[in-house]
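Good morning, and thank you for coming. Please look at the structure on the screen before I begin.

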Amino acid sequence: MKETLKKLVELQKIDSEKLDLKYKRQEVLDGLVADRNEYESLERRVADEKQRQQEIRDEGQRLNREQAVLETRASELKKRLDIVRNTAESQAVGREIVANENKMQEHFEKVDRQNSDLEESLQKLAMLQSQFFAKRAELADKLPGIKETLAAMDKEIKKVDTKRKALCSGIPSVVMKQYTDLIRTRAPYMVVEVQTTDEGDYTCSGCNIGLPPQVIGDIIKGDQLVCCENCGRILYLAEKEEQ
Ligand SMILES: [Zn+2]
């Protein structure tokens with residue numbers, strides 16, 4: 001069992017190496033997803049602003065048509081004023097002229113608003129586009145490096161897997177099952193060292209509970225795997241304790 005125990009300690013090292021690699025790989029992927037989301041969000045904002053700008057330009061066209069109508073109306077009224085026959089008619093045309101001038105006033109206020117909206121949109125779009133292009137360039141720049149990093153990590157994980165497989169083949173299946181069960185409940189520490197306190201007592205370094213001396217004797221004897229009664233982790237002794 002002592003050999004098996006050594007293999008289990010080695011297996012745990014390999015497993016934590018693999019976990020670490022997978023975690024780092026996930027970090028790289030998460031970074032990529034975050035970049036990608038930022039890129040897509042900018043792309044959407046550029047499209048939205050283009051759409052808004054188109055609406056502002058359409059409003060400009062509508063205002064141009066409105067202006068033509070108001071101007072035509074103004075010149076018609078002016079002509080009518082030249083041919084009025086009495087005061088009442090003159091007053092009526094005068095009121096229409098004032099009404100048309102008020103509409104014209106409102107119209108020019110709308111034109112001012114439309115102009116400032118367009119100005120604002122042009123600036124915003126230019127800013128968004130430059131952010132978008134910068135992000136795109138940044139991604140294009142980063143991507144080959146990220147792919148390389150991921151490929152290297154995959155290779156490393158494969159290597160660790162191969163090492164793990166070779167090691168597992170030398171461990172009895174009953175023990176492997178015990179270890180695998182512990183992964184589920186006790187990862188990342190399934191096999192833990194017995195600690196010695198300053199008072200010379202023994203504790204499980206997995207859960208810190210005290211261990212009876214009998215346990216130490218059993219480990220030294222090495223007939224069977226010895227587990228912590230509290231947390232169930234497989235116990236081993238530091239090399240110096242074995243001697
Ligand atoms: Zn324990």
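**The core and the sheet**

In the largest nonpolar core, which has 17 residues, L8, V191, I234 and L235 touch the most other members. A nonpolar core is a set of buried Ala, Val, Leu, Ile, Met, Phe, Trp, Tyr and Cys residues joined through C-beta atoms within 7 Å. Buried means that 20 or more other C-beta atoms lie within 10 Å of the residue's own; exposed means 12 or fewer, partly exposed lies in between, and C-beta atoms are placed from the backbone. At least two residues of this core come from each of helix 1 (2–82), helix 3 (173–186), strand 1 and strand 4. Helices (H or I, at least four residues) and strands (E, at least two) are DSSP runs, numbered from the N terminus.

I should state that this is a predicted model, in which local features need pLDDT of at least 70, side-chain atom pairs count only at pLDDT 80 or more, and totals for chains, interfaces and linings use all residues. Residues are numbered from 1 along each chain as its sequence is written.

Let us turn to the sheet. It is open, with 4 strands in the order 3-2-1-4 and mixed pairing; two strands pair if DSSP finds at least two bridges between them. Strand 3 (210–211) and strand 4 (234–236) are at the edges with a single partner strand each, so one side of each has no neighbour in the sheet. Strand 2 (residues 202–204) runs antiparallel to strand 3, joined by 2 bridges, and Y202 stands opposite L211.

Finally, the loops. N208, between strand 2 and strand 3, has a positive phi of about 70° although it is not a glycine. Why does N208 count as exposed? Because N208 has 11 C-beta neighbours inside 10 Å.
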